[in-house]
Amino acid sequence: MDENSQLLVKRSKSGDAEAFGELYALIWKDLYRFAFYTLGKKEEAEDAVQQSAAEAFHSMGSLRDAAAFKQWMFTILARCCKRRLKAIIRDKNNFSLDELDAGGIVIESGSDQDEKISLMNALQTLNPQERVAVMLSVVGGYKSSELSSVLKRPDATIRSQLHRGLMKLKKQLSESE
Amino acid sequence: MLFKRKQIQSDPAELEELQKVMEKLDSSIDYPVSIAPQNIMRRIREKQKPAVYNRRPIKAVVSTALCLILVIAAVIPMAVLHGNKKTVIKTESLKPPVNQYDDISAKSYDQIKAIINKLNTQQRTGTTQNTKAAATTKSSADAAAVSQTNIQVSGVDEADIVKNDDQYLYMVSNGNVYIIDAQSPAKMNIVSTISYTGFEFAQEVFLFKNSLVILVNSYGSIYDSGRVVAKGQTIAEVYDISDHSHPKKTRSFTQDGSYISSRMNGAALYLITNYYVPNSSSEKVKNETYIPKCGNTSAMKAIPAQSIYIPAQPDAPSYIVVSSIDITDNEKKVSTCAALSGGYNVYSSLENLYVTSQKYNYKKNNINSKSVMTSTDDVTTCIVRFSLKNGVVSYAGTASVKGSVINRYAMDESSGHFRIATTTYGDKNIMINHLFVLDDKMKQTGKIDDLAPGERIYSVRYMGNRAYIVTFKTVDPLFAIDLSNPAKPKVLGQLKIPGFSSYLHPYSENLLIGLGNDTAEENGRAHTEGLKLSLFDVSDPLKPREISNTKYGKRNSYSAALYDSHAFLFSKEKNIIGFPVNSYNASDLIYKYLVYKINPEKGFELKGNIQVEGNNNFQSEIKRGAFIDNTLFTFSDQKIMSFSLADFQKTGELKLPASQGGNHYGFRCYD
């Protein structure tokens, strides 16, 4: 993390919303993509990102190492998404096209429309832990060794969840072709 | 038989494949404007929880989750009651400082430049530094029939996103300002809109007679051979709204720095910003930015050196800038004063403005064999005072106390003394709470040093010479503290009850309302349950009692009023409380607004349970309630609704224009 970002973290810790805004600006799209793929709905993802940003800002005191800002933000967001996922999964099963249109993905007509839909559907077959683990790897760019500190679970557990998730996705995607 | 645990490795090839598929999806993603950096920043500013808290989950060690309420006793009769009445504060011992701080005002710009250069260098290398310090009222005839912003100190108005008089509503939504004719609730309509685009967005407003004052967030740019350096700026715009359909801008005043807060006392507007010198290596940029500028928007000037104060050992190239502007007289000179310090919480009495900031003590640590500066739990709160005598701003001293403050309600000035309640995280992560009393020279006269060890402060309310403090671990005590002797503040009584209050509001001299959460325990840890409203009888400070309480909602219920006093609606005359609530029903987030009737003997009765119908997104979250006569208005970014206060039947609805997409992304777009 460069020295400018270190300074921004220091300022954010003292309550400077503008500094936090600059830090957030560096990663906000990644945060949203993670939340959107994990939760599957635009409103839910918006909610999760908003809540997590506010939570992160107000608990900046617990961030010790400035260089870990991105990881720490993802931790908060992942926690928030997992909480919501449990509630959502209880009630919904599959994506329909209607939901996708309203849900913040611009679907143009074309050959990859089906692929996008099947990917979103495939994501739904993962359970919360798998989904979060897979999304953190794909969107957050975390190696599986880093995931365990983000998700606060043993390395081996995370790796098996990640693996299962990837296998399920692969299976779903190849079946739908 | 021995089982060998199969080592499961995540397959990098699988990940790569998936990444490629996801990338296709990435390009179709529509990023919502509501979470763009600028809007997130705005949302964060609207809520005022301090930086230090929520770092630790609430740990339960004791078997019952009880709340401890401290009553800090008052011997002197209450001189101050929050309400719509004019405050009488006896401040004869609080002399306005005259020339006693001249020795620490800057002598020249060169002196300041040298300090700024040094601080910027220190910021880059991470060296640690330790530091050890009008009245306006609405015409009283209408006071009972028209709600007003829930302000901390009577006579000192606070800006908010919603204001109203007896005919019109004024609302800031998605960075724009709307003036709404509400004379006929069933036919509300927007009569004019003041909109902001690009990097500008309206934050909050004041209403003063026929003037609307709009506080606007903005950015100034400095160009230096192809590079652009942006610095935060705040604009105060004054509009004449005698003709509500055609507001006329009469003044535009710009001040360097991001908006911290503001106050109004009569026609005097006090604008407080925090200006951070951009850390640039360009000499041209350095020369243009090391001194904050302010003035009428087209004619900003650098603040004179003698108006800039350098308290001992500033630790960052940051200024607090305070200006006093008479919004009715464009010819009258504006007074501006700055101090080299940080600033995030603002408390203002009629006489003085106090700006506080938190300083963390950093120490070197080895993390992954790299030497890194990490913060410790050692936090101090630095307080800078500005005198507002006769509407003129002047520097009036600095003090430091240990610990951090929950919000501006932890501070109070009364009878010539300044009180502040803090929480420290001491050795071995044990929280302890303190209350400090300072005299008119900002010197400590007395303190309480060991309140509720193991717990932290959740809310504070001062009433004259009494302070009420709520702390919580799993047990939430309400403490009553006696402040009548500035040298010896003392705890008089305490009450332990379940749950905790995040906001305390005086109902009368002997009754205190608390809004907070109920709590429950699970596997040795406490967690918050639904919302809880409490009524405390503090007539006997040695034995405060909870007369009654009422609960609402289940786990994960939340109200903006827990942390933002402006979201709490209170009317003594109508005996009602109102506040927004977010709660979950299965997987759906429901936005509501609740109105309770208060009975001093029996407690609370839920009268209005307003729920937003339809597809809920953030734009439909109810943020404020206000009333004119017998009509209640609820405000969200999507719409304003009106209800009868008698039976809560809906009487009208006005949809606000949808938020603009595209251009409002913020000061920097990272792709």
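These are my notes from looking through a predicted model with two chains, A and B.

**Entry 1: how far to trust it**

I began with the confidence scores. The model comes with an ipTM of 0.77 and a pTM of 0.75. For chain B, the mean pLDDT is 80, and 78% of the residues reach at least 70. I then asked where in chain B the confidence is lowest and where it is highest. Strand β1 (residues 67-72) of chain B sits at the bottom with a mean of 49, while strand β2 (residues 162-164) of chain B tops the list at 97. Residues 48-68 of chain B have a pLDDT below 50, although the model gives this stretch 109 contacts beyond near neighbours in sequence. Residues 661-671 of chain B are also below 50, with 30 such contacts. I'm keeping a reminder here: coordinates in low-pLDDT regions shouldn't be read in detail.

**Entry 2: chain A**

I looked up chain A next. I counted nine helices and zero strands there, so to speak a plain run of α-α-α-α-α-α-α-α-α along the sequence. Chain A has 177 residues, and 62% of them are buried. I also checked how its contacts are spread: of those with a separation of 6 or more, 66% are between residues 24 or more positions apart. Chain A exposes about 6600 Å², and 46% of that comes from carbon and sulfur atoms.

**Entry 3: chain B in outline**

Chain B has four helices and 40 strands. Its length is 671 residues, and 62% of them count as buried. The exposed area is about 27000 Å², with carbon and sulfur atoms supplying 48%.

**Entry 4: a sheet of four strands**

I picked out one sheet in chain B to follow strand by strand. It is open, with the order β21-β22-β23-β24 and antiparallel pairing. Which strands stand at the edges? They are β21 (411-414) and β24 (444-451) of chain B; each has a single partner strand, so one side of each has no neighbour in the sheet. On average, neighbouring strands here are turned by 20° against each other, ignoring direction. Inside the sheet, β22 (residues 417-425) and β23 (residues 431-438) of chain B pair antiparallel over eight bridges. I found B:Thr423 opposite B:Asn433 of β23(B). A note to self: strands in a sheet pair through backbone hydrogen bonds.

**Entry 5: a buried hairpin**

Then I moved on to strand β25 (residues 456-463) of chain B. How many of its eight residues are buried? Eight of the eight are, so the strand is largely enclosed by the rest of the structure. Seven bridges connect β25(B) with strand β26 (residues 466-472) of chain B, and the two run antiparallel. One partnership I traced is B:Ile457 with B:Thr471 in β26(B). The two strands make a hairpin with two residues between them, and B:Gly464 in the turn has a positive phi of about 65°.

**Entry 6: salt bridges**

I finished with the charged pairs. The count is 22 salt bridges over all chains.

The pair I looked at to start with was B:Lys286 and B:Glu283, whose closest N and O atoms are 3.5 Å apart. Both are in helix α4 (residues 283-289) of chain B; they are three residues apart, which means about one helical turn separates them. B:Glu283 is partly exposed, at 47% relative accessible area.

B:Lys532 and B:Glu546 also meet in a salt bridge, at 3.5 Å from N to O. This one links distant parts of the chain: B:Lys532 is in strand β31 (residues 525-537) of chain B and B:Glu546 in strand β32 (residues 545-552) of chain B, 14 residues apart. B:Lys532 is buried, with a relative accessible area of 4%, whereas B:Glu546 is partly exposed at 21%.

Another pair is B:Asp564 with B:Arg624, at 3.4 Å between the closest N and O atoms. B:Asp564 lies in the loop between β32 and β33 (569-571) of chain B, and B:Arg624 in strand β37 (residues 622-628) of chain B, so the bridge ties together parts 60 residues apart in sequence. B:Asp564 is buried at 7%, and B:Arg624 is buried at 6%.

My last find was a network of salt bridges linking B:Lys639, B:Lys650, B:Glu653 and B:Lys655.

Technical notes. Residues are numbered from 1 along each chain as its sequence is written. Chains are lettered from A and ligands numbered from 1 in the order in which they are written. This is a predicted model: local features need pLDDT of at least 70, side-chain atom pairs count only at pLDDT 80 or more; totals for chains, interfaces and linings use all residues. Side-chain values use heavy atoms; hydrogens and water are left out. pLDDT is the predictor's confidence in each residue, from 0 to 100. Contact means heavy atoms within 4.5 Å. Two strands pair if DSSP finds at least two bridges between them. Axes are lines fitted to C-alpha atoms, for helices over the stretch in contact, and angles run from 0 to 180 degrees between N-to-C directions. Buried means under 20% relative accessible area, exposed over 50%, partly exposed in between (1.4 Å probe, protein chains only). Accessible areas come from the Shrake-Rupley method with a 1.4 Å probe; for residues, only the protein chains shown count as cover. A salt bridge is a side-chain nitrogen of Lys or Arg within 4 Å of a carboxyl oxygen of Asp or Glu.
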